[in-house]
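User: Hi! I'm new to reading protein structures and would like to learn how such descriptions are justified. Could you walk me through this one?

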Amino acid sequence: MAESPTPTDKLARRGLMFILSSPSGAGKTTISRMLLEAEDEIKLSVSVTTRPPRPGEIDGVHYYFVDDAEFDRMVEEDDFYEWAHVFGHRYGTPKGRIRNALKDGQDFLFDIDWQGTQQLYQKDQQDVVRVFILPPSIAELERRLRSRGTDAETVIEARMERARSEISHWDAYDYVVINEDAQACFAKVREILDAERMKRQRQTGLIPFVRELMS
Ligand code: 5GP
(Lines give C-alpha, C1' and ligand atoms only; values in the text may rest on other atoms or scores of the structure.)
Protein backbone atom coordinates (compact mmCIF):
# COMPACT_ATOMS: atom_id res chain seq x y z
CA MET A 1 0.00 0.00 0.00
CA ALA A 2 1.32 3.46 -0.93
CA GLU A 3 2.22 5.65 2.02
CA SER A 4 0.43 8.91 2.49
CA PRO A 5 2.80 11.72 1.38
CA THR A 6 1.83 13.88 4.35
CA PRO A 7 1.03 12.35 7.73
CA THR A 8 -2.35 13.85 8.61
CA ASP A 9 -1.16 15.05 12.02
CA LYS A 10 1.57 17.10 10.32
CA LEU A 11 -0.69 19.09 8.02
CA ALA A 12 0.13 22.80 8.05
CA ARG A 13 -2.14 24.88 10.24
CA ARG A 14 -2.41 28.43 11.45
CA GLY A 15 -1.56 29.02 15.10
CA LEU A 16 -4.12 30.36 17.53
CA MET A 17 -4.21 32.91 20.32
CA PHE A 18 -5.47 30.97 23.31
CA ILE A 19 -6.69 33.31 26.04
CA LEU A 20 -7.11 32.09 29.60
CA SER A 21 -8.76 34.61 31.91
CA SER A 22 -10.06 34.32 35.44
CA PRO A 23 -10.20 36.35 38.61
CA SER A 24 -6.83 36.23 40.46
CA GLY A 25 -6.75 33.07 42.53
CA ALA A 26 -9.11 30.98 40.36
CA GLY A 27 -6.19 28.86 39.24
CA LYS A 28 -5.42 30.13 35.78
CA THR A 29 -1.70 30.40 36.50
CA THR A 30 -1.59 26.72 37.52
CA ILE A 31 -3.58 25.67 34.45
CA SER A 32 -1.35 27.80 32.20
CA ARG A 33 1.76 26.17 33.64
CA MET A 34 0.34 22.66 33.13
CA LEU A 35 -0.57 23.49 29.54
CA LEU A 36 2.88 24.90 28.74
CA GLU A 37 4.55 21.83 30.22
CA ALA A 38 2.35 19.37 28.33
CA GLU A 39 2.14 21.11 24.95
CA ASP A 40 5.20 21.87 22.83
CA GLU A 41 3.33 23.89 20.24
CA ILE A 42 2.11 26.59 22.59
CA LYS A 43 4.24 29.41 24.02
CA LEU A 44 3.38 31.96 26.63
CA SER A 45 2.90 35.48 25.40
CA VAL A 46 4.91 37.35 28.04
CA SER A 47 3.26 40.66 28.97
CA VAL A 48 4.96 43.93 29.79
CA THR A 49 4.07 45.52 33.14
CA THR A 50 4.96 48.53 35.25
CA ARG A 51 4.19 46.55 38.46
CA PRO A 52 7.25 45.59 40.52
CA PRO A 53 8.21 41.88 40.50
CA ARG A 54 6.88 39.63 43.28
CA PRO A 55 9.36 37.35 45.03
CA GLY A 56 10.46 34.63 42.60
CA GLU A 57 9.27 36.40 39.47
CA ILE A 58 11.83 36.61 36.69
CA ASP A 59 12.10 39.38 34.12
CA GLY A 60 11.37 38.02 30.64
CA VAL A 61 9.75 34.84 32.01
CA HIS A 62 6.75 35.97 34.07
CA TYR A 63 6.65 39.53 32.72
CA TYR A 64 8.91 42.11 31.17
CA PHE A 65 9.17 44.57 34.05
CA VAL A 66 9.54 48.15 32.83
CA ASP A 67 9.23 51.65 34.29
CA ASP A 68 6.54 54.18 33.33
CA ALA A 69 8.74 55.99 30.84
CA GLU A 70 9.52 52.77 28.94
CA PHE A 71 5.84 51.79 28.91
CA ASP A 72 4.93 55.26 27.55
CA ARG A 73 7.50 54.85 24.80
CA MET A 74 6.06 51.45 23.81
CA VAL A 75 2.53 52.89 23.68
CA GLU A 76 3.73 55.75 21.47
CA GLU A 77 5.50 53.36 19.13
CA ASP A 78 2.40 51.17 18.84
CA ASP A 79 4.25 48.16 20.24
CA PHE A 80 1.15 46.69 21.94
CA TYR A 81 -1.74 44.58 20.72
CA GLU A 82 -3.56 45.86 23.76
CA TRP A 83 -2.83 47.35 27.16
CA ALA A 84 -4.80 48.15 30.32
CA HIS A 85 -4.61 49.63 33.82
CA VAL A 86 -4.91 46.95 36.52
CA PHE A 87 -4.48 47.67 40.27
CA GLY A 88 -2.79 51.00 39.56
CA HIS A 89 -0.22 49.53 37.19
CA ARG A 90 -0.18 49.05 33.44
CA TYR A 91 -0.03 45.72 31.61
CA GLY A 92 0.31 45.19 27.87
CA THR A 93 0.71 42.48 25.23
CA PRO A 94 3.68 43.21 22.96
CA LYS A 95 3.10 42.42 19.28
CA GLY A 96 6.69 41.37 18.74
CA ARG A 97 7.02 37.86 17.42
CA ILE A 98 3.34 36.90 17.57
CA ARG A 99 2.07 38.00 14.17
CA ASN A 100 4.59 36.09 12.06
CA ALA A 101 4.73 33.02 14.27
CA LEU A 102 0.96 32.44 13.95
CA LYS A 103 1.45 31.88 10.23
CA ASP A 104 3.96 29.13 11.02
CA GLY A 105 1.50 27.26 13.23
CA GLN A 106 2.82 28.52 16.57
CA ASP A 107 0.11 28.84 19.24
CA PHE A 108 0.30 31.49 21.97
CA LEU A 109 -1.16 31.39 25.43
CA PHE A 110 -2.41 34.67 26.90
CA ASP A 111 -2.94 35.11 30.60
CA ILE A 112 -4.87 38.39 30.40
CA ASP A 113 -7.99 39.98 31.86
CA TRP A 114 -11.34 40.68 30.17
CA GLN A 115 -10.32 44.15 28.98
CA GLY A 116 -7.30 42.74 27.20
CA THR A 117 -9.40 39.88 25.85
CA GLN A 118 -11.89 42.29 24.33
CA GLN A 119 -9.18 44.33 22.68
CA LEU A 120 -7.36 41.29 21.31
CA TYR A 121 -10.63 39.86 20.02
CA GLN A 122 -11.47 43.11 18.24
CA LYS A 123 -8.09 43.07 16.52
CA ASP A 124 -8.03 39.43 15.50
CA GLN A 125 -11.30 37.49 15.83
CA GLN A 126 -10.14 34.66 13.61
CA ASP A 127 -7.16 33.62 15.71
CA VAL A 128 -8.51 34.23 19.19
CA VAL A 129 -10.02 31.51 21.42
CA ARG A 130 -11.36 32.82 24.74
CA VAL A 131 -11.54 30.60 27.82
CA PHE A 132 -12.72 31.80 31.22
CA ILE A 133 -11.95 29.92 34.43
CA LEU A 134 -14.32 30.28 37.38
CA PRO A 135 -13.60 29.34 41.00
CA PRO A 136 -16.01 26.81 42.57
CA SER A 137 -17.07 29.44 45.16
CA ILE A 138 -16.18 32.93 46.42
CA ALA A 139 -15.04 31.47 49.77
CA GLU A 140 -12.60 29.17 47.97
CA LEU A 141 -11.31 32.06 45.87
CA GLU A 142 -10.57 34.08 49.00
CA ARG A 143 -8.89 31.11 50.64
CA ARG A 144 -6.62 30.63 47.62
CA LEU A 145 -5.73 34.34 47.51
CA ARG A 146 -4.82 34.36 51.22
CA SER A 147 -2.79 31.17 51.01
CA ARG A 148 -0.38 32.89 48.63
CA GLY A 149 0.76 34.99 51.59
CA THR A 150 2.42 37.57 49.35
CA ASP A 151 -0.11 40.37 49.36
CA ALA A 152 -1.13 42.84 52.07
CA GLU A 153 -4.71 42.80 53.45
CA THR A 154 -5.72 45.91 51.48
CA VAL A 155 -4.42 44.28 48.28
CA ILE A 156 -6.42 41.11 49.02
CA GLU A 157 -9.57 43.16 49.59
CA ALA A 158 -8.98 44.99 46.31
CA ARG A 159 -8.45 41.66 44.54
CA MET A 160 -11.68 40.21 45.96
CA GLU A 161 -13.57 43.28 44.81
CA ARG A 162 -12.02 43.02 41.40
CA ALA A 163 -12.70 39.27 41.29
CA ARG A 164 -16.43 39.93 41.53
CA SER A 165 -16.23 42.43 38.72
CA GLU A 166 -14.09 40.07 36.59
CA ILE A 167 -16.61 37.25 37.08
CA SER A 168 -19.35 39.50 35.68
CA HIS A 169 -17.62 39.29 32.27
CA TRP A 170 -17.97 35.51 31.99
CA ASP A 171 -20.37 35.80 29.07
CA ALA A 172 -17.80 37.47 26.81
CA TYR A 173 -15.90 34.17 26.49
CA ASP A 174 -16.25 31.24 24.10
CA TYR A 175 -15.75 28.63 26.84
CA VAL A 176 -16.23 28.67 30.63
CA VAL A 177 -14.62 26.04 32.87
CA ILE A 178 -15.15 25.73 36.64
CA ASN A 179 -11.92 24.93 38.42
CA GLU A 180 -12.87 22.60 41.24
CA ASP A 181 -9.89 20.37 40.69
CA ALA A 182 -6.76 21.46 38.78
CA GLN A 183 -6.27 18.15 36.92
CA ALA A 184 -9.87 17.95 35.74
CA CYS A 185 -9.88 21.63 34.76
CA PHE A 186 -6.61 21.18 32.85
CA ALA A 187 -8.02 18.17 30.97
CA LYS A 188 -11.02 20.23 29.86
CA VAL A 189 -8.88 23.16 28.76
CA ARG A 190 -6.70 20.80 26.76
CA GLU A 191 -9.73 19.34 25.00
CA ILE A 192 -10.77 22.85 24.01
CA LEU A 193 -7.29 23.55 22.59
CA ASP A 194 -7.26 20.26 20.67
CA ALA A 195 -10.67 20.86 19.13
CA GLU A 196 -9.87 24.46 18.19
CA ARG A 197 -6.70 23.34 16.42
CA MET A 198 -8.86 21.04 14.26
CA LYS A 199 -11.13 23.81 13.01
CA ARG A 200 -11.28 23.69 9.25
CA GLN A 201 -10.21 27.29 8.68
CA ARG A 202 -7.09 26.82 10.82
CA GLN A 203 -5.97 23.73 8.92
CA THR A 204 -4.31 25.53 6.04
CA GLY A 205 -2.72 22.26 4.84
CA LEU A 206 -6.14 20.74 4.09
CA ILE A 207 -6.50 22.27 0.64
CA PRO A 208 -3.45 20.52 -0.90
CA PHE A 209 -4.23 17.38 1.10
CA VAL A 210 -7.80 17.14 -0.17
CA ARG A 211 -6.68 18.00 -3.69
CA GLU A 212 -4.34 15.03 -3.50
CA LEU A 213 -7.14 12.79 -2.18
CA MET A 214 -9.38 13.77 -5.05
CA SER A 215 -6.81 13.53 -7.81
P1 5GP B 1 -0.83 40.06 38.38
O2 5GP B 1 -0.32 41.39 38.84
O3 5GP B 1 -1.55 39.31 39.46
O4 5GP B 1 0.25 39.24 37.71
O5 5GP B 1 -1.90 40.33 37.22
C6 5GP B 1 -2.96 41.18 37.48
C7 5GP B 1 -3.95 41.14 36.35
O8 5GP B 1 -3.38 41.70 35.15
C9 5GP B 1 -4.40 39.74 35.98
O10 5GP B 1 -5.82 39.73 35.95
C11 5GP B 1 -3.84 39.52 34.60
O12 5GP B 1 -4.69 38.71 33.83
C13 5GP B 1 -3.78 40.94 34.05
N14 5GP B 1 -2.80 41.03 32.97
C15 5GP B 1 -1.57 40.46 32.89
N16 5GP B 1 -0.96 40.75 31.73
C17 5GP B 1 -1.85 41.51 31.02
C18 5GP B 1 -1.80 42.10 29.70
O19 5GP B 1 -0.84 42.01 28.94
N20 5GP B 1 -2.89 42.81 29.34
C21 5GP B 1 -4.00 42.94 30.15
N22 5GP B 1 -5.01 43.65 29.67
N23 5GP B 1 -4.08 42.39 31.38
C24 5GP B 1 -3.02 41.68 31.81
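Analyst: Gladly! This is a predicted model. A good place to begin is the hairpin of β5 and β6, where two residues lie between the strands and Phe87 takes a positive phi near 50 degrees.

User: What makes β5 and β6 count as paired strands?

Analyst: Two strands pair if at least two bridges are found between them. β5 (residues 80-86) and β6 (residues 89-94) are joined by six bridges, so the requirement is met. The two strands run antiparallel. As for individual bridges, Ala84 has Tyr91 as its partner in β6, and Trp83 is matched with Gly92.

User: Why is β5 called largely enclosed?

Analyst: A residue is buried when its relative accessible area is under 20%. Five of the seven residues of β5 are buried, so the strand is largely enclosed by the rest of the structure.

User: What is the order of the strands in the open sheet?

Analyst: The sheet has four strands in the order β4-β3-β6-β5, and their pairing is mixed. β4 (64-65) and β5 each have a single partner strand, so they stand at the edges and one side of each has no neighbour in the sheet.

User: Now the helix α1. How do you know that its buried residues line one face?

Analyst: In α1 (residues 28-38), the buried residues are Lys28, Ile31, Ser32, Met34 and Leu35. Viewed down the helix axis, they fall within an arc of 165 degrees, so they line one face. Thr29 and Glu37, on the face turned away from that buried side, are exposed, and exposed means over 50% relative accessible area.

User: What covers the buried residues of α1?

Analyst: The cover includes the strands β1 (17-21), β2 (42-44), β7 (107-111) and β8 (128-134), along with the helix α7 (182-197).

User: Which residues come nearest to the ligand?

Analyst: There are 17 residues around the ligand, and Ser47, Arg51, Tyr63, Glu82 and Tyr91 come nearest.

User: What makes the approach of Tyr63 to the ligand a polar contact?

Analyst: A polar contact is a pair of N or O atoms within 3.5 Å. An N or O atom in the side chain of Tyr63 is 2.5 Å from an oxygen atom of the ligand, so the pair qualifies. A polar side-chain atom of Tyr91 also lies 2.5 Å from a ligand oxygen atom. For Asp113, a side-chain N or O atom is 3.0 Å from a nitrogen atom of the ligand, so this pair qualifies too.

User: How much of the ligand's accessible area does the protein cover?

Analyst: On its own the ligand has 510 Å² of accessible area, and the protein covers 95% of it.

Note on methods: Residues are numbered from 1 along each chain as its sequence is written. This is a predicted model: local features need pLDDT of at least 70, side-chain atom pairs count only at pLDDT 80 or more; totals for chains, interfaces and linings use all residues. Side-chain values use heavy atoms; hydrogens and water are left out. Buried means under 20% relative accessible area, exposed over 50%, partly exposed in between (1.4 Å probe, protein chains only). The arc is that of the directions from the helix axis to the C-beta atoms. Contact means heavy atoms within 4.5 Å. A residue is near a molecule or strand if one of its heavy atoms lies within 4 Å of it. A polar contact is a pair of N or O atoms within 3.5 Å; within protein, one must be able to donate a hydrogen and the other to accept it, and residues adjacent in sequence count only if both atoms are side-chain atoms. Accessible areas come from the Shrake-Rupley method with a 1.4 Å probe; for residues, only the protein chains shown count as cover.
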